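Reader: I'd like to learn how to read a contact surface between two chains. Could you walk me through one?

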Protein chains: 4
Amino acid sequence: MDHSDIEPSHGGRGEEQETRERILAAASQLMAKKGYKGATTRKISQLAGVNEVTIFRHFKNKEAILEELLKGILDIRQQLENHLHGEFSELKEILLRYARGYYTMLVERKEVLLICMIEADNHPEVIKLFSSVPMTAVEVLCNKLQEFQDQGHLPKGDACAAALMFVSTFFYAFMAKHRVNLNPEFQEEQLFEDATNILMHGITGITNSHR
Amino acid sequence: MDHSDIEPSHGGRGEEQETRERILAAASQLMAKKGYKGATTRKISQLAGVNEVTIFRHFKNKEAILEELLKGILDIRQQLENHLHGEFSELKEILLRYARGYYTMLVERKEVLLICMIEADNHPEVIKLFSSVPMTAVEVLCNKLQEFQDQGHLPKGDACAAALMFVSTFFYAFMAKHRVNLNPEFQEEQLFEDATNILMHGITGITNSHR
Amino acid sequence: MDHSDIEPSHGGRGEEQETRERILAAASQLMAKKGYKGATTRKISQLAGVNEVTIFRHFKNKEAILEELLKGILDIRQQLENHLHGEFSELKEILLRYARGYYTMLVERKEVLLICMIEADNHPEVIKLFSSVPMTAVEVLCNKLQEFQDQGHLPKGDACAAALMFVSTFFYAFMAKHRVNLNPEFQEEQLFEDATNILMHGITGITNSHR
Amino acid sequence: MDHSDIEPSHGGRGEEQETRERILAAASQLMAKKGYKGATTRKISQLAGVNEVTIFRHFKNKEAILEELLKGILDIRQQLENHLHGEFSELKEILLRYARGYYTMLVERKEVLLICMIEADNHPEVIKLFSSVPMTAVEVLCNKLQEFQDQGHLPKGDACAAALMFVSTFFYAFMAKHRVNLNPEFQEEQLFEDATNILMHGITGITNSHR
DNA sequence: AATGAATGAGAATTCATTCAT
DNA sequence: TATGAATGAATTCTCATTCAT
């Protein structure tokens with residue numbers, strides 16, 4: 001689970017920034033802003049504070065940097081499911097926790113997610129990785145809601161649509177804030193609560209209105 | 001300012017205009033897929049079926065093509081408001097109409113929106129244009145909901161958050177379908193209905209739970 | 001036979017040096033001297049008097065230049081056979097003509113042959129082309145000698161070894177003069193005569209001494 | 001681990017010497033195949049099984065490796081002359097011995113000779129070294145033949161042309177086999193005999209036909 | 001109005017070599 | 001002594017753009 005044993009860190013906590021890590025960080029930052037092509041090796045090297053050629057001592061080619069970055073997306077299902085433990089009586093808390101957890105995951109993977117979005121058509125392997133994040137989030141939440149439905153706590157209804165709405169809200173919020181820098185003073189916490197409230201009423205009152 | 005002279009080609013003048021349109025269409029298609037840099041003038045010219053240099057007879061430079069494309073986003077507020085006419089008793093129909101209308105607008109502006117998203121950091125003027133679309137959609141819907149609240153039809157609550165959720169849902173659906181090609185067999189109409197139902201219950205039952 | 005009709009020459013005789021031809025000539029010259037790698041596109045462009053990028057407007061890549069050059073080697077069998085027409089009574093004249101003709105062909109293909117030799121291991125397709133020249137020369141001459149043997153004009157013996165010696169002599173002379181610049185005052189015509197004399201006596205007196 | 005059959009490694013000194021030899025061997029092999037430029041220090045180090053930088057501890061620079069390799073060509077005149085001892089009555093045996101000896105010398109110096117040929121234009125000092133081998137071979141043989149002419153055993157004639165033919169034959173055979181991999185099943189011994197026979201008849205019957 | 005030829009700026013990448021350990 | 005990290009120079013090639021026709 002913990003990758004910190006790949007390279008024993010001499011200082012306390014990644015203090016000694018390895019060249020390789022600096023290159024990855026610079027590349028990730030630039031690619032998320034400028035796209036794969038816009039993040040030239042020259043710019044990456046300058047931002048990383050290394051010589052341009054040094055990049056190629058650490059990575060076979062530019063593509064390999066991207067591949068390395070993409071590895072950071074994996075394995076979110078377990079984390080997401082952990083946020084959902086709890087009884088129906090705690091539904092509001094559960095949903096709030098899920099909202100916060102999902103949004104945090106997006107922000108933590110900010111650069112890679114943006115890269116994926118930007119490069120979706122140029123690097124096809126990226127699409128699956130990228131879409132897996134919200135898809136998994138919808139799926140996991142939908143399962144939980146259906147569980148509550150099966151237990152009779154919630155009226156039957158399209159739990160998946162509800163989950164999709166919930167997840168979409170935070171996905172859009174994430175995009176608005178981190179891609180477009182819309183509403184820099186945007187209050188996430190308030191949105192978590194409002195969206196949770198709306199969802200709760202929305203699903204509680206659902207009557208099986210769809211085919 | 002006004003491009004309304006899209007006329008059938010009669011003589012040299014119309015032909016020239018048509019060439020220009022073909023270049024714009026090709027550029028828009030390619031930039032939406034490959035990004036601004038990935039859409040090389042060579043590829044644009046090939047897709048448009050013209051000589052590469054012809055591009056520069058119609059546009060000062062590549063940047064000018066992008067600028068021209070961006071003009072297509074303007075003025076959506078009026079259209080959106082048109083979808084919202086109606087009494088509270090027709091709320092469901094209103095919301096459905098709004099969902100369809102908004103989603104259709106996104107799809108109609110598909111390429112330009114994707115370009116904006118991809119190039120957000122490279123062409124700063126793009127950000128405002130891009131974000132204006134969902135922002136306006138949220139704002140317009142929020143106003144209507146607050147109108148209903150003021151009329152006593154709806155309980156007080158954060159109508160903006162509700163509007164945001166609604167709009168976000170379709171924004172994400174649009175992205176998933178047109179950027180990531182997720183769920184190509186995706187049923188939009190079903191989502192419109194489900195989301196409308198959830199929203200209606202969500203806002204109907206809102207109690208002023210925050211602030 | 002005559003390739004001058006590929007491009008109608010406006011002047012008298014290839015006066016208007018096409019850019020493409022200039023690039024090919026420069027590349028051929030440099031590659032024959034410096035090898036494929038040593039003939040950098042920069043050097044080629046300078047020698048051809050064009051911009052470096054112009055090379056890539058005329059050839060897909062550097063390799064394509066080499067491929068174009070290699071096409072010049074083809075079809076030597078017919079030419080070689082033409083030199084061999086004649087009766088046994090004219091043997092000396094025939095051999096002299098053959099020697100001159102073969103050597104001339106080598107010199108005419110000088111650059112390409114040297115390139116082939118230099119790049120034999122780096123560009124495998126080159127080997128066949130290169131070796132085809134002396135091989136064909138040996139084969140064609142050997143056939144003629146065996147014809148004379150069959151007609152009883154020459155004693156049976158290994159005509160192929162004789163042909164090989166003859167051809168080798170001029171191949172080495174060619175190499176010595178054009179690769180190594182050995183003996184710049186070297187008298188080819190004298191060698192043609194001497195080698196012809198030696199060969200004639202050598203084969204005339206051959207007794208079937210080999211297994 | 002133990003390469004002690006080249007130079008018995010006793011302690012650091014022999015090991016160092018052995019490393020040096022491995023580098024030389026690798027460089028010679030690669031340069032003969034790929035040329036000076038094609039034999040990158042990286043490839044050399046890999047083939048030699050040493051670190052790339054180690055090369056520069058043993059040689060000032062890449063050029064110095066080549067210079068070291070070229071030293072191996074020297075002093076062939078004595079060896080060649082040794083093959084020619086004998087009376088005229090043994091002419092055939094003498095020539096056969098000479099052919100074998102010369103060809104063997106070529107093969108033994110295979111890599112360096114090929115390097116010289118490939119790099120003739122890039123490293124001018126190479127030309128003299130390279131051409132010295134066949135030139136010496138022709139000269140030594142020519143001297144012997146003229147000796148026999150002076151003794152009246154052979155008719156007067158251009159002994160040098162004869163020597164050149166003889167030597168050329170094996171030079172070409174060497175090239176064909178080791179540069180171009182032509183005729184891998186090529187039978188050298190047969191060629192030695194055939195060429196010797198032809199030469200013997202050729203020179204025995206020479207009439208002073210020129211000058 | 002449209003095209004073919006040409007080009008300067010800059011991209012990724014390789015190579016021989018140096019430095020510090 | 002040997003090595004891992006780093007680098008300046010150079011290489012092939014792409015791209016947007018201009019020029020002459």
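Reader: Let's begin with charges: how many salt bridges are counted between chain C and chain D?

Author: Happy to help, and keep in mind that this is a predicted model. The count for chain C and chain D is two salt bridges. In a salt bridge with an N to O distance of 3.4 Å, the side chain of Arg179(C) meets that of Asp121(D). Polar contacts are counted too: nine residue pairs across this interface, both partners at pLDDT 80 or more.

Reader: Which elements of chain C give two or more residues to the side that touches chain D?

Author: They are α1 (19-38), α7 (110-119), α8 (125-150), α9 (159-178) and α10 (188-204) of chain C. The largest share, ten residues, comes from α9(C). Sorted by class, this side of chain C holds 21 nonpolar, 13 polar and ten charged residues.

Reader: And what area do chain C and chain D bury between them?

Author: Interface size is often stated as the accessible area lost when the parts come together. Here chain C and chain D bury about 4200 Å², with 65% of it on carbon and sulfur atoms. Within chain C, Met165(C), Tyr172(C) and Ile198(C) lose the most area to chain D, together 18% of what that side buries.

Reader: Which residues touch the most other members of the largest nonpolar core?

Author: Phe166(C) and Phe166(D) do, in a core of 148 residues. Beyond its neighbours within four places in sequence, Phe166(C) contacts residues including Leu95(C), Tyr98(C), Leu199(C) and, from the other chain, Met165(D). Another core, of 147 residues, lies apart from it, with Leu69(A) and Ile76(B) among its members.

How values were computed. Residues are numbered from 1 along each chain as its sequence is written. Chains are lettered from A and ligands numbered from 1 in the order in which they are written. This is a predicted model: local features need pLDDT of at least 70, side-chain atom pairs count only at pLDDT 80 or more; totals for chains, interfaces and linings use all residues. Side-chain values use heavy atoms; hydrogens and water are left out. Buried area is the accessible area (1.4 Å probe) that two parts lose on being put together, summed over both. A salt bridge is a side-chain nitrogen of Lys or Arg within 4 Å of a carboxyl oxygen of Asp or Glu. A polar contact is a pair of N or O atoms within 3.5 Å; within protein, one must be able to donate a hydrogen and the other to accept it, and residues adjacent in sequence count only if both atoms are side-chain atoms. Helices (H or I, at least four residues) and strands (E, at least two) are DSSP runs, numbered from the N terminus. Ala, Val, Leu, Ile, Met, Phe, Trp, Tyr, Cys and Pro count as nonpolar, Asp, Glu, Lys and Arg as charged, and the others, Gly among them, as polar. A nonpolar core is a set of buried Ala, Val, Leu, Ile, Met, Phe, Trp, Tyr and Cys residues joined through side-chain atoms within 4.5 Å. Buried means under 20% relative accessible area, exposed over 50%, partly exposed in between (1.4 Å probe, protein chains only). Contact means heavy atoms within 4.5 Å.
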